[in-house]
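Subject: Structure handover

Hello,

As promised, here is the structure for you to look over. Please open it alongside this message, and my notes will follow below.

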Amino acid sequence: MSQREWVEKDFYATLGVDSKASADEIKKSYRKLARELHPDAHPGDEKAEQRFKEVSEAYSVLSDSEKRKEYDETRSLFGSGSRTGGGGFSGFGSGYSSGVRDFGVRDFADLFEGGGSTSFSDIFGNAFREGRAGRGSANRPGSRARRGNDLETETTLGFREAARGVTIPLRITSQVTCDSCRGSGARKGTTPRKCSYCDGSGLVTRQEGSFGFTEPCAECRGTGQIIDDPCPDCAGTGLTTRSRTITMRVPPGVHDGQRIRLAAQGEPGVRGGSPGDLYVTVHVEPDAVFTREGDDLRLTVPVRFTELALGSTITVPTLDGKVGVRVPAGTADGRTLRVRGKGVVKRGGGAGDILVTLQVAVPVKLDEAALEALRKYAASEEASGFDPRANWAGSR
């Protein structure tokens, strides 16, 4: 993104949120728009792809508290982004007008026309802070290298994939280093030259009375470099938009909604800056058998009454197969048995347990032989003195 675009674009409007929106509101709006506009959902739709890029660009700024602060300050400096009739911005924030009064607002914006991909905050984040404090010396070295933007995406896993861990491919559409110029912004076979006016610093300082004011170099537009022959593939920005597939290893035990950071998988840095990171929010689908409680798994197993009364060994599923569980004679309906070490793998080693709740299944229909046997059992049970409702609900 060029410096002028940083000033002119209303990232809040792009995401459909108010300028006072919370970080959660911004994230919620971005996720909704990203799902609706993702290129995979609109193959061949250039308008949707462009809108997706705009939404991603806006979120990369507003999701970063430092970038958002500088963006808000910049728009406040330029009268909250109000355009003048000539295409520039009107108004300065208080405290800046005397410092840049000879650097007209229209000229200030025109200075960045075609100014490459160095962000506005890189140039002014330090320049104006120095100007307000009256510090800075001529040709003070500027920080032209900029870290790449962080990216954010989502993926959905099956319950057992999340519990056991899995390696999956992720398709990302984002800015990447231009292959033609390798990020230099200059046509293949050429290289940018150091700006002689600012000696490559990107900043110059002028003196007004007892105050020194640091400004972006007008000759190189604050980049410290002159590109005589821009790369035609990236228009001199050093970046292009492309889809790429990366391999992501999801560790065992990931929770629904957990955010995983993939270092250096975000957008590439500018002029030698380090790449940003990729943050992946994982959504976990429910399972037909298991539910999860921390590192433990819980399931309910239907059993016969006789298996509880006489005792038995039943087979229950685990994440890796099946195991036998011993049911002691006289076990009550609804009792929970514990199978140790067969739950979700723990981060520090070991694994949780499986909690097996036993639930008696009552047959809906029995043949005559089974009914006769059951009647005899009921009579024997009553004759033995067993009363399941003894001392229950005051029936004493």
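Here is what I found in it, going from the whole chain to single residues.

First, the ground rules. This is a predicted model, in which local features need pLDDT of at least 70 and side-chain atom pairs count only at pLDDT 80 or more, while totals for chains, interfaces and linings use all residues. Residues are numbered from 1 along each chain as its sequence is written, and side-chain values use heavy atoms, with hydrogens and water left out.

The whole chain

The protein chain has 10 helices and 15 strands; these are DSSP runs numbered from the N terminus, with helices (H or I) of at least four residues and strands (E) of at least two. Of its 396 residues, 41% are buried (under 20% relative accessible area, with exposed over 50% and partly exposed in between, for a 1.4 Å probe and protein chains only). Among contacts (heavy atoms within 4.5 Å) with a separation of 6 or more, 64% are between residues 24 or more positions apart.

A helix pair

Helix H3 (residues 23-37) packs against helix H4 (residues 46-62) at an angle of about 160°, and their axes are 9 Å apart. Axes here are lines fitted to C-alpha atoms, for helices over the stretch in contact, and angles run from 0 to 180 degrees between N-to-C directions. That makes the two helices, H3 and H4, roughly antiparallel (over 145 degrees; under 35 is roughly parallel, 65 to 115 roughly perpendicular and the rest oblique). On the H3 side the contact is made by Ile26, Lys27, Tyr30, Leu33, Ala34 and Leu37. H4 contributes Ala48, Arg51, Phe52, Val55, Ser56, Tyr59 and Leu62.

The four-stranded sheet

An open sheet of 4 strands runs in the order S10-S11-S15-S14, with mixed pairing; two strands pair if DSSP finds at least two bridges between them. S10 (291-293) and S14 (336-339) are at the edges with a single partner strand each, so one side of each has no neighbour in the sheet. From one strand to the next, the twist averages 30°.

At one edge, S10 and S11 (residues 296-303) run antiparallel and are joined by 3 bridges, with Glu293 opposite Asp296 in S11. At the other, S14 pairs with S15 (residues 354-360) in the antiparallel sense over 4 bridges, and Val339 stands opposite Ile354 in S15. Side chains alternate along S14: Leu337 and Val339 point to one face and are buried, whereas Thr336 and Arg338 point to the other and are not.

Val303 sits in S11 and counts as buried because its relative accessibility is 3%. Setting aside neighbours within four places in sequence, Val303 is in contact with Leu308, Ile314, Leu358, Gln359, Val360 and Ala361.

Two more places to look

Strand S8 (residues 259-262) also has alternating side chains: Ile260 and Leu262 point to one face and are buried, while Arg259 and Arg261 point to the other and are not. S8 runs antiparallel to S9 (residues 278-284), joined by 4 bridges, and the bridge partner of Arg259 in S9 is Thr281.

Arg193 lies in strand S3 (residues 193-194) and counts as partly exposed because its relative accessibility is 42%. Beyond neighbours within four places in sequence, Arg193 is in contact with Gly224, Gln225, Ile226 and Asp228. The C-alpha atoms of Arg193 and Gly224 are separated by 8.7 Å, with the two positions 31 residues apart along the chain counted as their spacing.

Best wishes
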